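Biologist: I am new to this one. Can we go through it piece by piece, with short answers?

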Amino acid sequence: MGESFTPPSPMSSSQHNHVKRMLNSNRFKSPSKTIYSDRFIPSRSASNFALFNLSPSTEDGCSCSPYGSALRSALFGPSTPDKFESPNIFRFKSETRQSMHSLSHTPFTSHDVLLSGYEYNHKPLKRPRKIPPSSFKVLDAPALQDDFYLNLVDWSSSNVLAVALENSVYLWNASSSKVTKLCDLGADDSVCSVGWAPLGTYLAVGSNSGKVQIWDVSQGKSIRTMEGHRLRVGTLAWSSSLLSSGGRDKSIYQRDIRVQEDFVSKLSGHKSEVCGLKWSYDNRELASGGNDNKLLVWNQNSTQPILKFCGHTAAVKAIAWSPHANGLLASGGGTADRSIRFWNTTTNSQLNCIDTGSQVCNLVWSKNVNELVSTHGYSQNQIMVWKYPTMSKLATLTGHSFRVLYLSISPDGQTIVTGAGDETLRFWNVFPSRKSQNTESEIGASSFGRSIIR
């Protein structure tokens, strides 16, 4: 600061030309090659060297210079107990925080993050869950019917699978793999639907003759036979002690097994066979699908539908309520439709429509994660796993050689069972376990492999 200034001596002609070339060096850069520096050199003009009792050094590259010591101290901490902090050293002219995506495309990424003071806690991306592409178990189910309008498979909350084969119903214990025959309707009748009560103690059996039987599984005997339908009963749905049955006669009967009457009300709204029934998880709304391409919604006391959805162009058998959002309903259409549609029953509106490319036979929503499974018929006979609400496809599973007409989910929510006219039942590990549950499925280890249902 106290030194006098001495003017520099005049440059020679060669020195003058050399400096001129350096000042205009951008004229000599190759137009086809971009040059990036691999070092960060701070601006001297923004540095307050007086704070450190230093003078600017011309020995920038020397690690033993005072400036090199200050640089090391700012980057890695001081080597002495004294600690200096400067608001100007290693400060960018423009302090903008870039996204990690943009930083990954700049040549000074690591320096920018380090020197700008930008802190980023990098978390590794979560890997997508791997869904096994093949079924882990196959049960032979001789004479399992290839009929789109029937519902012949259901899995109870007590981990017992009910399967209807012609005029008989068989029970397969998923924990022990034990098979028992529950009933035989005789040569003059056949089973068209089965449905477990919520507690897994009673099984409803719908017949071709239009009758509905209630079986006490623990005792192995029928406790009631209820009439009402004039034609086959193809679908059943429970809501606590209330049982709904849908038939080929276009009607739905509400039955309370606690009272003496065969039914407490009759619901009329479909103009063709009722082939799908599902109660919402809060037991307030019943959704019904029919061969008239209609999806209707009823409440507990109505005899006329409170909502009518007419978006499908083929029979609506596949119906599933979301366990994650009230009033969210999914439905699937038959061969001429091939779509899955989502509805909000609170606002009476359609939310989305996805073309699956093939007949939609069944839908089931996972209780553990916000995903759902659809099974398909003509023409690909596949099983699809979807992420909601993006409806991104997580997996496409194949194995059946006929339409995948039957679908049910295990009580732990991890495994699905599918059935087809190829007379097989296939078990698939599709969904993850709940966080509070063990990751192992409740299906016993002895059940792996291939066996026969009867």
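Biologist: What is the order of the strands in the open sheet of four strands?

Modeller: Keep in mind that this is a predicted model. The pairing in this open sheet is antiparallel. Its four strands follow the order β18-β19-β20-β21.

Biologist: Which strands of it stand at the edges?

Modeller: An edge strand here has a single partner strand, so one side of it is left without a neighbour in the sheet. That applies to β18 and to β21 (349-355).

Biologist: By how many degrees are neighbouring strands of this sheet turned against each other on average?

Modeller: Direction is ignored for this angle. The average is 20°.

Biologist: Which residue in β20 stands opposite Leu329?

Modeller: Strands β19 (residues 328-333) and β20 (residues 339-344) run antiparallel, and five bridges join them. The residue in β20 opposite Leu329 is Trp343.

Biologist: Where do the buried residues of α2 lie?

Modeller: Helix α2 covers residues 66-76, and Tyr67, Gly68 and Ala70 are buried in it. Seen down the helix axis, the buried residues of α2 fall within an arc of 160°, so they line one face of the helix.

Biologist: Which residues that line the largest pocket are the closest to its centre?

Modeller: The largest pocket has a volume of about 1,200 Å³. It is lined by 44 residues. Elements that give two or more residues to this lining include β2 (153-155), β6 (191-196) and β14 (274-279). The closest to the centre are Asp154, Trp155, Trp196, Lys278 and Tyr281.

Biologist: How many residues of that lining are charged?

Modeller: The lining has 27 nonpolar and 13 polar residues. The charged ones number four.

Conventions:
Residues are numbered from 1 along each chain as its sequence is written. This is a predicted model: local features need pLDDT of at least 70, side-chain atom pairs count only at pLDDT 80 or more; totals for chains, interfaces and linings use all residues. Side-chain values use heavy atoms; hydrogens and water are left out. Buried means under 20% relative accessible area, exposed over 50%, partly exposed in between (1.4 Å probe, protein chains only). The arc is that of the directions from the helix axis to the C-beta atoms. On a 1 Å grid over the protein atoms alone, a cavity is a set of points where a 1.4 Å probe fits but cannot get out, and a pocket is an open set with protein on both sides within 12 Å along at least five of seven lines; lining residues have an atom within 4 Å of a point. Grid points are joined across faces, edges and corners, and a volume is the space filled by probe spheres set on the points. Ala, Val, Leu, Ile, Met, Phe, Trp, Tyr, Cys and Pro count as nonpolar, Asp, Glu, Lys and Arg as charged, and the others, Gly among them, as polar. Two strands pair if DSSP finds at least two bridges between them. Axes are lines fitted to C-alpha atoms, for helices over the stretch in contact, and angles run from 0 to 180 degrees between N-to-C directions.
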